[in-house]
Amino acid sequence: DSVKVFAPGSVSNVGCGFDILGFAIDGVGDEMIITKNDQNKIIIQTVKDYEDLPTDPKKNVAGVAIQALLDDLESDQGFDVEIIKNIKPGSGIGSSAASAAGAVVAVNELLGKPYTRMQLVDFAMKGEEVASGDVHADNVAPATLGGFCLIRGYNPLDVIHIQPPADLWCVVIHPQIEIKTKEAREILSPQIPLKKAIRQWGNVAGLMAGLYTADYDLIGRSLEDHIVEPQRKVLIPEFDELKLSVMEAGALGCSISGSGPSVFALAKGKESADVIAAAMDTVYKRTDLDYKIYVSKVS
Ligand code: HSE
């Protein structure tokens, strides 16, 4: 009565799509081992390497997500939850979302799959809310469903799977500093000048059209975020230089991954992605920050 799952990291916002776009990243994520217990409670074991993450199930994203599922099912089944975190919290690549998504996928499996994956996104979102102070599914949807997701609406939740073109690659640099999503959301102005909004929704539509027609140039010129990136980039060391270098290295586009500090770039083909990864490495080698770079296909 035990299940082991891999919960992928994810890039959310994807430039212009604040809170509505996200895709899963191959090979980067958390592992979770979840086992039924007969104590009618959720027991979160110390999270390996991150002892300061809460183990109180009411404060832990995995605990809250599981509880939301159990409440809906009117079940008092207990679970032991072991989380092996490979993504540092506050990374911008969906660390909390991975734990929330992995938890509900595993629990659903152990209970005989009463819910569809799509329904699980709702429960995972409740867990994510604990970490970010706000409801958003642009990391939990791809972490739960895989692939590239559009959250067309939140009330009711309406998630659409987007099929990206065959040769779309992503490079992510993760500086090993922590940015709390809650704080990175609090700095955002609640108002958007109409002119900026027009440019932004032009880009969102352009990005969708580019993804569906495999028009890489259109994807590139649509990626730009006129609203959130300018307000958040100050939180990320060397952001402007990094972006300039990756664009010179041939990236289709580049922006902050989620709420940062990770930064992602899109590329056509693996070769181009490797050149971009090297450009990122050159910029960050000059800093005294630790960082990791991931190259992954967008699928
Ligand atoms: N869309 C969210 C934000 C993602 O940018 O605040 C957080 O990971």
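Over residues 208-285 of this predicted model, the chain is 55% helix and 13% strand. The C-alpha atoms at the two ends of that stretch sit 35 Å apart. Why pick out residues 208-285? An unreviewed UniProt entry annotates them as "domain: GHMP kinase C-terminal".

Now for a sheet. Four strands make an open sheet, and going across it you meet them in the order 8-9-7-10. The pairing is antiparallel. Strand 8 and strand 10 are the edge strands, each pairing on one side only. On average, neighbouring strands here are turned by 20° against each other, ignoring direction.

Here are the strands and where to find them:

| Strand | Residues |
|---|---|
| Strand 8 | 253-256 |
| Strand 9 | 263-268 |
| Strand 7 | 168-175 |
| Strand 10 | 291-297 |

Take a look at strand 8 and strand 9: they pair in the antiparallel sense over four bridges. Which residue of strand 9 is the bridge partner of Ile256? That's Val263.

The sheet has a helix for company, too. Helix 10 (residues 270-285) lies across strand 7, strand 9 and strand 10, and runs at about 15° to strand 7.

Elsewhere, two helices meet. The axes of helix 1 (residues 61-73) and helix 3 (residues 117-132) come within 7 Å and cross at roughly 145°. That crossing is right-handed. Helix 1 brings Val61, Ala62, Val64, Ala65, Ala68 and Leu69 to the contact, while helix 3 adds residues including Phe123, Gly127 and Val130. What kinds of residues make up this contact of helix 1 with helix 3? They divide into 10 nonpolar, one polar and two charged.

Key:
Residues numbered from 1 in each chain as written. Predicted model: local features only at pLDDT ≥ 70, side-chain atom pairs only at ≥ 80, totals over all residues. Axes fitted to C-alpha atoms, helices over the stretch in contact; angles between N-to-C directions. Left-handed = near helix turned anticlockwise from the far one by under 90°. Contact = placed C-beta atoms within 7 Å. Nonpolar A, V, L, I, M, F, W, Y, C, P; charged D, E, K, R; others polar. UniProt positions renumbered as here; feature names shortened; annotations may be inferred. Pairing = 2+ DSSP bridges.
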